[in-house]
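I am opening a fresh page for this structure, and I mean to record what I looked up and in what order.

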Amino acid sequence: MAKIKTSFVCQECGYESLKWLGKCPDCGAWNSMVEEVKTQATNKVPNILGVNPPKCIVNIQSGEHERYDTGIEELNRVLGKGLVRGSLTLISGAPGIGKSTLLLQSSNNIAEKHGKVLYVSGEESEEQIKMRADRLNIKSSNLYILSETNLDSIQQQIDEINPVFVIIDSIQTLFKASITSAPGSVSQVRECANEIMRLGKTKNISFFIVAHVTKQGELAGPRVLEHMVDTVLSFEGQRTDEFRILRTVKNRFGTTSEIGVFEMKEEGLEQISNPSKVFLEETSFNQEGSIVIGIMEGSRPILVEIQALVSETKAVMPRRTAVGIDTSRLNLILAVLEKKLKIPFYNCDVYVNVVGGLNIEGTFGDLGLALALISSAKGREVKLDKMIAVGEIGLTGEVRPVSFADRIVNEASKMGFNNIVIPERNIPKVKNNGIKSIGVTTLREAVNKVFSAQ
Ligand SMILES: Nc1ncnc2c1ncn2[C@@H]1O[C@H](COP(=O)(O)OP(=O)(O)OP(=O)(O)O)[C@@H](O)[C@H]1O
Ligand SMILES: [Mg+2]
C-alpha cells in the first residue's frame with residue numbers, strides 16, 4: 001500500500017508546506033494554500049527513459065529530429081521548421097484568442113499527411129468541436145475527437161488509436177483519479193503534465209498542451225510546467241483586433257526569436273506571410289507623430305508603424321502609456337530627449353502605440369520612437385518622402401548600429417520606401433537597392449536630417 005501524504009500547496013506559485021499558512025512565504029499571495037492529499041508513489045517523477053547505463057558522448061549517434069509539417073508555414077516557423085516527433089509543446093494565450101482554432105487546423109493537416117491525430121477536449125463537447133470544424137472546413141478521416149477529462153481514460157484511447165499527434169485542450173481540465181485535488185490545481189496540472197511527458201517520450205507521440213493564462217498574462221499553474229516541456233508558445237493579440245501573433249518563449253529544437261502572424265477570419269486563422277504589408281496597410285505617411293520602423297523578428301524583417309501622442313497636462317504625475325513597447329524603454333528614450341535635446345516632457349502626457357498589435361522587443365525601434373515623440377511634441381512633420389527609421393539610441397544620445405540592417409533595408413526597398421535613416425556604422429554593409437540610405441551618428445543629427453527647419 002502506498003503511503004498517503006498531506007501537504008498544503010500554494011495555488012499561485014506551487015510552494016509546498018507541511019502546515020497551512022495564511023500567506024505564501026514564496027509569492028506572498030494570501031489564502032492561496034490548499035490542502036492536497038497524494039500517495040507517495042505519485043510524488044515521484046517517473047523515469048521516462050528507463051534504466052540506462054551512461055554512454056560516452058563520442059559513442060552516441062547524433063540524428064536529425066523527424067519533423068511533421070503542420071501545413072501552416074507560420075506555425076512551422078515558430079516550432080523551428082515543423083513539429084518534432086515525440087515533442088511536448090505548451091501553447092498559452094488569453095481566452096478566445098484562437099488556440100483551439102489553430103490546433104484544430106494544424107491537426108487536420110497533420111492527420112492528412114502523417115497519420116492519426118487525437119484531439120482531446122475537456123472544455124467543449126464533440127458537437128461544439130464539430131461545429132467549429134465545419135466552419136474551418138476540416139474533414140480528415142484520420143482526425144479523432146475525444147471529449148474527456150480523465151487522463152487514465154485518455155491514455156486508454158491513445159493506446160487504442162495509436163495516434164502520431166495528440167492535442168490536450170486544456171491541461172487545466174485534466175485530472176488523474178489517484179490525486180484527490182481538483183482539476184486545475186497545482187498538483188493535478190503537474191502530475192498530468194508528467195504523465196503526458198512520459199507517454200509522449202515512450203511512445204514517440206507529439207503532444208500539444210493548451211494552458212490558460214492568468215489575468216496578468218502569466219501561465220496559470222506551476223511554472224515547473226514550462227521547464228518540463230520542450231517548447232512553449234504564446235498566442236498574443238487583442239481579441240478585438242483581427243491580427244494574432246504566435247511567439248516562441250522556449251524551444252529545445254530551434255530559435256526563440258521567430259514569430260508567426262495570423263489573421264482571424266470566419267474560415268479560421270489565415271497566415272500572413274508578408275506582415276509588413278498588412279501592418280502598413282492603413283499607414284498614411286508624413287503624419288505628425290507617426291514613423292515607420294524596421295525590426296527583426298527572428299530571421300524575418302518586419303516594418304511597422306509607431307505612433308506617439310504628446311499632450312500638455314497639468315497633472316502632477318503625467319501619464320506614460322505604451323502599447324506594444326516596453327514602458328521602461330519609452331522612459332529611457334524620453335530621458336535622453338530631455339537631457340540631450342532639451343525637449344521637456346515632464347509636463348506632458350505621453351502615449352505610444354505600435355499599430356497592428358505587435359509587441360516590439362529589442363532596440364531596433366529606438367530611433368523611430370524618438371523621432372515620433374519629437375514630431376508630436378514639436379508638431380513637426382517629416383520632410384523625407386516615404387521614410388523609415390532604424391537604430392538603437394544610447395544614453396549619450398548617440399545612434400548605435402543594429403544587426404541585420406541590410407535585411408531591413410531590403411525589406412523597406414521591397415515595400416516601396418524611398419528613404420531609410422540608419423546608423424552611420426551600418427551604411428558600409430547595406431547595398432544600394434533603390435532606396436536612399438541616410439546615415440546618422442547622433443539623435444541631433446537625425447532630427448536635423450529628418451525634419452524640415454522650423
Ligand atoms: N464565426 C466566426 N467568425 C469569425 N471569427 C470567429 C467566429 N467564431 C469564432 N471566431 C473567433 O474565434 C475566437 C475563438 O477561437 P478559439 O475558440 O479557438 O479560442 P480559444 O483561444 O481556444 O478560446 P478558449 O480560451 O475559450 O478556449 C473568437 O474570439 C473569435 O475571434
Ligand atoms: Mg479553446
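**Notebook: sheets, helices and one ligand**

I began with a single pair of residues, and in this predicted model I found that V117 has F165 in β9 as its bridge partner. That pair belongs to a longer match, since strand β7 (residues 117-121) and strand β9 (residues 165-169) pair in the parallel sense over 5 bridges. I then turned to the other neighbour of β7 and noted that β7 and β8 also pair in the parallel sense, over 5 bridges, with I145 in β8 as the bridge partner of Y119. Following the chain, I recorded that β7, helix α4 (residues 126-135) and β8 make a right-handed β-α-β unit.

Next I wanted the sheet to which these strands belong. I read off an open sheet of 9 strands with mixed pairing, in the order β8-β7-β9-β10-β6-β11-β12-β13-β14. Its edge strands are β8 (143-147) and β14 (268-271), each of which pairs on one side only, and the twist averages 25 degrees from one strand to the next.

Which helices did I find packed on these strands? I noted helix α3 (residues 99-113), which packs on the sheet and touches several strands, among them β6 (88-93), β7, β8, β9 and β10 (206-211), while its direction makes about 165 degrees with that of β9. I also noted helix α5 (residues 151-161), which lies across β7, β8 and β9 and runs at about 165 degrees to β7.

**Ligand 1**

I looked next at what surrounds ligand 1, and I listed 13 residues, the closest being G96, K99, S100, T101 and E266. Which element gives the most to this shell? I found that α3 does, with 3 residues. Sorting the shell by class, I wrote down 3 nonpolar, 5 polar and 5 charged residues.

**Domains and the second sheet**

For the division of the chain I took the domain assignment, which gives domain 1 (4-43), domain 2 (66-273) and domain 3 (278-450). I also noted that the C-alpha centres of domain 1 and domain 2 lie 28 Å apart.

I then followed another open sheet, in which 7 strands run in the order β17-β18-β16-β15-β19-β22-β23, again with mixed pairing. Here the edge strands are β17 (320-323) and β23 (436-440), each pairing on one side only, and I recorded an average twist of 25 degrees from one strand to the next. Within this sheet I picked out strand β16 (residues 300-312) and strand β18 (residues 348-354), which pair in the antiparallel sense over 7 bridges, and I saw that I306 stands opposite V354 in β18.

On this sheet I found helix α10 (residues 366-378) packed, touching β15 (290-297), β16, β18, β19 (387-389) and β22 (419-423), with a direction that makes about 30 degrees with that of β16. Helix α12 (residues 443-450), by contrast, lies across β19, β22 and β23 and runs at about 145 degrees to β23.

**Two backbone details**

I closed with the loops. Is the peptide bond from D169 to S170 cis or trans? I noted that it is cis, with omega near 5 degrees, and that S170 has its place in the loop between β9 and α6 (186-203). In the loop between α4 and β8 I found N137, whose phi is near 60 degrees, a positive value in a residue other than glycine.

Terms used. Residues are numbered from 1 along each chain as its sequence is written. Chains are lettered from A and ligands numbered from 1 in the order in which they are written. This is a predicted model: local features need pLDDT of at least 70, side-chain atom pairs count only at pLDDT 80 or more; totals for chains, interfaces and linings use all residues. Two strands pair if DSSP finds at least two bridges between them. Helices (H or I, at least four residues) and strands (E, at least two) are DSSP runs, numbered from the N terminus. Axes are lines fitted to C-alpha atoms, for helices over the stretch in contact, and angles run from 0 to 180 degrees between N-to-C directions. Two residues are in contact if their C-beta atoms, placed from the backbone, lie within 7 Å. A residue is near a molecule or strand if its C-beta atom, placed from the backbone, lies within 6 Å of it. Ala, Val, Leu, Ile, Met, Phe, Trp, Tyr, Cys and Pro count as nonpolar, Asp, Glu, Lys and Arg as charged, and the others, Gly among them, as polar. Domain bounds come from an automatic or database domain assignment. A crossover is right-handed if, with the strands pointing away from the viewer, the path from the first strand over the helix to the second runs clockwise.
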